[in-house]
Amino acid sequence: MEIVQIAVLSDNYIYLAHDGDETVVIDPAVAEPVLAAAAARGWTITQILNTHWHPDHTGGNAAIKAATGCRITGPAGEAAKIPGIDRAVAEGDAVQIASAAGRVIDVPGHTAGHNAYYFAGAGDDGAGVLFCGDTLFALGCGRLFEGTPAQMNASLAKLMALPDDTLVYCAHEYTQSNARFAVTVEPGNADLASRVVDIDVARAAGKPTVPSTIGLERATNPFTRAASVAEFATRRAAKDAFR
């Protein structure tokens, strides 16, 4: 699978995932840069995958569908809020990008019906590919707008059960600010300290810090490393107030 990362708005990432003769858009906040990126490569957009209903993930749905006739797939729990949705999916349902077979993982917490999409073996060297929207970030997780700490903690545990080499394509470039918080939680984490250096170098060069990997998040992300729901809730509340 070939994946193109498109930076839009202040910190959003939209993804084009291409395999065979199919091109899928993941979480299009806007339409024009997506249509331009596909056209520049001679790709025809056949489907949109939405992870959740927020407008900065679905705002381009209508225009992309009007321009291409693509189908829109999104979370069953939020179908009424997904513009133009054709197929509502939930835990265990299958999604397909040409020969790349994926499955839906329910990951509520940020929103009540949030989905993630996992494609085993679709990345470089046979690694899996995860499109996780605003559930898991590099060194962070989404705010709890509609869910509970218990839901988000359980959702992160699901994702942490994926193979270490799984590529994590989240929907925002929040990593540097997440890192500033993470080091206050685990100041003695050597893996985290090394990662912070790499992050600062990448951002100084104008490069993205996404994708991450499941193994890297397991070793350094303070939210995936919480030992209990209570500890997760404490960390999430502290991050919400962190400046």
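**Exercise 1.** Describe the open sheet of six strands: in which order do its strands lie, and which are its edge strands?

*Solution.* We start with the order, which in this open sheet of six strands is β7-β8-β9-β10-β13-β14, with mixed pairing; two strands pair if DSSP finds at least two bridges between them, and strands are DSSP runs (E) of at least two residues, while helices are runs (H or I) of at least four, both numbered from the N terminus. Next we look for strands that pair on one side only, and these edge strands are β7 and β14 (212-213). The model is predicted, so that local features need pLDDT of at least 70 and side-chain atom pairs count only at pLDDT 80 or more, whereas totals for chains, interfaces and linings use all residues. Residues are numbered from 1 along each chain as its sequence is written, and side-chain values use heavy atoms, with hydrogens and water left out.

**Exercise 2.** Find how β9 and β10 pair, and state which strands α4 touches.

*Solution.* Strand β9 (residues 115-119) pairs with strand β10 (residues 129-133) in the antiparallel sense, over three bridges. Within this pairing, Phe119 has Val129 in β10 as its bridge partner. Helix α4 packs on the sheet and touches β8 (100-106), β9 and β10 (contact means heavy atoms within 4.5 Å). The direction of α4 makes about 155 degrees with that of β8, where axes are lines fitted to C-alpha atoms, for helices over the stretch in contact, and angles run from 0 to 180 degrees between N-to-C directions.

**Exercise 3.** Explain which parts the salt bridge between Glu91 and Lys158 ties together.

*Solution.* A salt bridge requires a side-chain nitrogen of Lys or Arg within 4 Å of a carboxyl oxygen of Asp or Glu, and for the side chains of Glu91 and Lys158 the N to O distance is 2.9 Å. Because Glu91 lies in the loop between β6 (87-89) and β7 (94-97), and Lys158 in helix α4 (residues 149-160), the pair ties together parts that are 67 residues apart in sequence.

**Exercise 4.** Is Arg235, which forms a salt bridge with Glu231, buried or exposed?

*Solution.* The closest N and O atoms of Arg235 and Glu231 are 3.6 Å apart, and the two residues, four apart in helix α8 (residues 229-241), are separated by about one helical turn. Arg235 has 12% relative accessibility and counts as buried (under 20% relative accessible area; exposed is over 50%, partly exposed in between, with a 1.4 Å probe and protein chains only). Glu231, at 29%, is partly exposed.
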